[in-house]
Amino acid sequence: MKKLIYIMVLVISFSSCEDVIDVDLKTTDPKLVIDASINWVNGTTGNLQFVKLTLTAPFFNDDVPPATGATVVVTDAFNNTYNFIEEGLTGVYKNDSFVPEINGIYRLTIIYNNETYTATEKLMPVSSIEYVEQKNDGGFSGNETEIEAYYTDPKGINNYYLFEFINTSTNIVSLEVYDDEFTDGNQIFAFHSEEDLETGDILEIRNYGISKQFFEYLSILLQQSDEESGDPFEVQPATVRGNCINETNPKNYPLGYFRASQVDTFTYDIK
């Protein structure tokens, strides 16, 4: 009994001793973050497009500051110009008269704080999602719902895909990227596994056609953000540069990417 009391006192004394440590992190000048995705969803005109601009912030900041007051323009190969107008002071810029074209070349120009940022991308085509299959006893525990979204890859063409799986009940989004190096011209599937999916949930599946450069860019980002990683011998995370450059001051490079995609969507009811 005395030993038990001693252990309890010891545990309480340790748990009550807490030191508050202030971490002095180095800060740098904020960088422009470009989230510019031209998405032409099948069955729509593709006229409505958005570009979101934000700034980097200190590590412990809860808010992401918008980059307001910028000039945002997208130009196609025929010199058609699409001006994106900011909605209030949100850092979100909108154009509702955009005319997308498969394999069209688009150039993004942003003027912010007297510096000019540019990027060029091709609007990549995509394969349609044909059907979805479900397995209810997946994963190591046998409690996960596995989803396979089937599509047919065009033969003789290098294709790259971004799949987005959205659980509309929880708003949890899962991203996967694929290429056709070993599946060219075949019917294949994108794979998603989730323990929290329940009967009656609605899963929205989106397939984006993407360029090889964006495939490589996103592959690195997904690898760095993988929650199951942690191997001490892995390469440590580093700043991943997108396709946007600062024409005025190359050393003040932006973060983010300018992407252009045809998009196919599929809504699936979990059984």
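Strands β8 and β9, the latter covering residues 144–152, pair in the antiparallel sense over seven bridges. The model in which they appear is a predicted one. Within this pairing, I129 has Y151 of β9 as its bridge partner. The two strands belong to an open sheet of three strands, ordered β8-β9-β12, with antiparallel pairing. β8 (129–138) and β12 (187–194) stand at the edges with a single partner strand each, so one side of each has no neighbour in the sheet. On average, neighbouring strands of this sheet are turned by 20 degrees against each other, direction ignored.

The protein chain as a whole has two helices and 15 strands. Of its 271 residues, 36% count as buried. Among contacts between residues at least 6 apart in sequence, 63% join residues at least 24 apart. The accessible surface of the chain comes to about 16800 Å², and 53% of this belongs to carbon and sulfur atoms.

A second open sheet is formed by 12 strands, in the order β11-β10-β13-β15-β1-β2-β5-β4-β3-β6-β7-β14, and its pairing is mixed. Its edges are β11 (172–179) and β14 (245–246); each has a single partner strand, so one side of each is left without a neighbour in the sheet. Helix α2, residues 212–224, packs on the sheet and touches β7, β10 (160–167), β11, β13 (202–210) and β15. The direction of α2 makes about 130 degrees with that of β11.

Several pairings in the sheet of 12 strands can be followed one by one. β3 and β4 are antiparallel and pair over four bridges, with T75 opposite T81 in β4. The hairpin of these two strands has four residues between them, and in it N79 takes a positive phi near 65 degrees. β3 also pairs with β6, in the antiparallel sense, over six bridges; here the bridge partner of T71 is I111 in β6. β6 is in turn joined to β7 by eight bridges, and these two strands run antiparallel. I105 stands opposite K122 in β7.

Next comes the nonpolar interior. The largest nonpolar core has 25 residues, and those with the most contacts inside it are L32, I34, L53, V72, F84 and I110. At least two residues of this core come from each of β1 (32–41), β2 (49–55), β3 (71–76), β4 (81–86), β6 (105–112), β7 (115–122) and β15 (255–269). Apart from this core lies another, of 17 residues, including I129, Y161, A190 and Y268. Returning to the largest core, what does F84 touch, leaving aside its neighbours within four places in sequence? F84 is in contact with I38, Q49, F50, V51, V72, V74, Y93, K94, N95 and F98.

A last stop is S127, in the loop between β7 and β8. Is S127 buried or exposed? Its relative accessibility is 7%, so S127 counts as buried, the cut-off for buried being under 20%. The side chain of S127 reaches the backbone oxygen of T152 at 2.9 Å. Leaving aside neighbours within four places in sequence, the residues in contact with S127 are Y151, T152, D153, P154, Y161, N207 and D264. Among them, Y151 is the bridge partner of I129, and Y161 is one of the residues of the core of 17.

Conventions
Residues are numbered from 1 along each chain as its sequence is written. This is a predicted model: local features need pLDDT of at least 70, side-chain atom pairs count only at pLDDT 80 or more; totals for chains, interfaces and linings use all residues. Side-chain values use heavy atoms; hydrogens and water are left out. Buried means under 20% relative accessible area, exposed over 50%, partly exposed in between (1.4 Å probe, protein chains only). Contact means heavy atoms within 4.5 Å. Accessible areas come from the Shrake-Rupley method with a 1.4 Å probe; for residues, only the protein chains shown count as cover. A nonpolar core is a set of buried Ala, Val, Leu, Ile, Met, Phe, Trp, Tyr and Cys residues joined through side-chain atoms within 4.5 Å. Two strands pair if DSSP finds at least two bridges between them. Axes are lines fitted to C-alpha atoms, for helices over the stretch in contact, and angles run from 0 to 180 degrees between N-to-C directions. A polar contact is a pair of N or O atoms within 3.5 Å; within protein, one must be able to donate a hydrogen and the other to accept it, and residues adjacent in sequence count only if both atoms are side-chain atoms.
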